[in-house]
Amino acid sequence: MALQVTGGVGCCCPPGSARRLPQAAALCRPPRAVVSGATRVVEEDEGKVRLGGSGVAVTKLGIGAWSWGDTTYWNDSEWDDRRLREAQDAFDASIDNGMTFFDTAEVYGTALMGAVNSETLLGGFIKERQQKDQIEVSVATKFAALPWRFGRGSVLSALKKSLDRLGLASVELYQLHWPGIWGNEGYLDGLADAYEQGLVKAVGVSNYNEKRLRDAHARLKKRGVPLAANQVNYSLIYRTPELNGVKAACDELGITLIAYSPIAQGVLTGKYTPENPPTGPRANTYTPEFLAKMRHVMYVQLQPLMNRIKEIGASYGKSPTQVSLNWLTCQGNVVPIPGAKNASQAKEFAGALGWSLTGDEVEELRTLAREIKGIRMPIEES
């Protein structure tokens, strides 16, 4: 029997409505709709949302696989059997808890970024799990716009290699990982070619600003290919897409915003301190000096927000991480993809589903977040 994906309401309830009763959740669920023209709408069915104007529906919360096989930023510069088992446990726990959308990339875990390719690992996990259960998994991967890659053919060539590593005939979503130094029109043509050839069910971009996003949407539209998603850094604390026009453009054009680093890699939740910085390569970015500055911001500006997140979470029996992820799903047209390195993290992320903040709570947290000034992540969106 195929895995039955379940999930909660992805849109927040109206201000003052009941929060936990199933009947209230049913009433709060927005009607199904289809993207048409410049109106932003999201189809919702059995715990899934549709990616833009495509026919692809994914779970409301996905899992990022950047850390799987990586040794340049994650895993303390090491990859061993223990980490492999933990990554596979994270995959299995995600499936078991109703999260069947996985995001990877050709550069994750490659010779450039690690020990074992993330696509290869994900493909192996899918194959092994399918030998036990009949499961439905949605896979997104990405094309690296490297300077030596030219034209539409480079996209198709890279995609076919990704499919070989994944062991799949097609993927649900294929994205341009970042804007290229040149050749972006050719890359977009390559996406359209892949879509028309049935190698991908939907296409997207990542780290695109508003102008690039609009240009990409227009070029693909001429081919009759919907631009399904733009994957960018977005969280309650890091709300740049709301400020630079990207979120509004996504809503206007019917493009789903996929949010990476939706909990800011744990740094801004107080997980790391100057006395307890992250280990491995991330220590070069999140230095004690950087964390000391963040701690000052935390106590002066972030603390009221964090305190309220904890209070709201306590009323639902939820952790700050789960509240933060739920806040993103309440924005509408947003699919967060937190990275899970082990089963425990995957299970915690799943706790962000099956319930919803009220409209009052969503706006209260946004108001508190607006008071935060001067936070910039070490690596900004290009």
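User: Let's start with W148. Is W148 buried or exposed?

Analyst: Keep in mind that this is a predicted model. W148 sits in the loop between strand 6 (138-143) and helix 4 (151-166). Exposed means over 50% relative accessible area. W148 has a relative accessible area of 60%, so the call is exposed.

User: Which residues form a nonpolar patch on the surface with W148, and what is their accessible area together?

Analyst: The patch joins W148 with F150, I181 and W182. Taken together, these residues show an accessible area of about 550 Å².

User: What about the whole protein: how much of it is buried?

Analyst: The fold comprises twelve helices and eleven strands. Its accessible surface is about 16000 Å², and carbon and sulfur atoms own 52% of that. Out of 382 residues, the buried share is 57%.

User: Which residues touch the most other members of the largest nonpolar core?

Analyst: In soluble globular proteins, nonpolar side chains tend to be buried together. Here the largest nonpolar core has 81 residues. There is also a second, separate core of 13 residues, with V58, A228, A229 and I337 among them. Back in the largest core, the residues touching the most other members are W68, F91, Y174, L357 and L365.

User: Pick Y174, then. Which residues does Y174 touch, leaving out those up to four places away in sequence?

Analyst: Contact here means heavy atoms within 4.5 Å. On that basis, the partners of Y174 are T141, K142, F143, V155, A158, L159, L191, V200, A202, V203 and G204.

User: How many aromatic pairs are there, and why is the Y316 and W355 pair called what it is?

Analyst: Searching the whole structure turns up nine aromatic pairs. For Y316 and W355, the ring centres are 4.6 Å apart and the planes are at 40°. Planes under 30 degrees apart count as stacked and over 60 as edge-to-face, with the rest tilted. At 40°, the Y316 and W355 pair is therefore tilted.

User: How far apart in sequence are the parts that Y316 and W355 tie together?

Analyst: Both partners are tucked away: Y316 counts as buried at 10% relative accessibility, and W355 counts as buried at 7%. Y316 lies in helix 9 (residues 288-316), while W355 is in the loop between helix 11 (343-350) and helix 12 (359-370). So the parts they tie together are apart in sequence by 39 residues.

User: On to charges. Is R129 buried or exposed, given its salt bridge with D96?

Analyst: The R129 and D96 side chains meet at 2.5 Å, N to O. R129 is in helix 3 (residues 118-130) and D96 in helix 2 (residues 81-96), so the bridge ties together parts 33 residues apart in sequence. D96 counts as exposed at 51% relative accessibility. R129, at 10% relative accessibility, counts as buried.

User: Where do K211 and D215 lie, and how far apart are their closest N and O atoms?

Analyst: K211 and D215 are both in helix 6, four residues apart, about one turn of the helix. K211 is exposed, with a relative accessible area of 59%, and D215 counts as partly exposed at 43%. In their salt bridge, the closest N and O atoms are apart by 2.9 Å.

User: Which residues are joined into one network by salt bridges that share partners?

Analyst: The structure holds 23 salt bridges. Through shared partners, some of them make one network of D92, D96, R129 and D133.

Note on methods: Residues are numbered from 1 along each chain as its sequence is written. This is a predicted model: local features need pLDDT of at least 70, side-chain atom pairs count only at pLDDT 80 or more; totals for chains, interfaces and linings use all residues. Side-chain values use heavy atoms; hydrogens and water are left out. Patches are made of residues with over 30% relative accessible area and no salt bridge: like charges are joined within 9 Å, nonpolar side chains (Val, Leu, Ile, Met, Phe, Trp, Tyr) within 5 Å. Accessible areas come from the Shrake-Rupley method with a 1.4 Å probe; for residues, only the protein chains shown count as cover. A salt bridge is a side-chain nitrogen of Lys or Arg within 4 Å of a carboxyl oxygen of Asp or Glu. Helices (H or I, at least four residues) and strands (E, at least two) are DSSP runs, numbered from the N terminus. Buried means under 20% relative accessible area, exposed over 50%, partly exposed in between (1.4 Å probe, protein chains only). Rings of Phe, Tyr and Trp (its six-membered ring) pair if their centres lie within 6.5 Å; planes under 30 degrees apart count as stacked, over 60 as edge-to-face and the rest as tilted. A nonpolar core is a set of buried Ala, Val, Leu, Ile, Met, Phe, Trp, Tyr and Cys residues joined through side-chain atoms within 4.5 Å.
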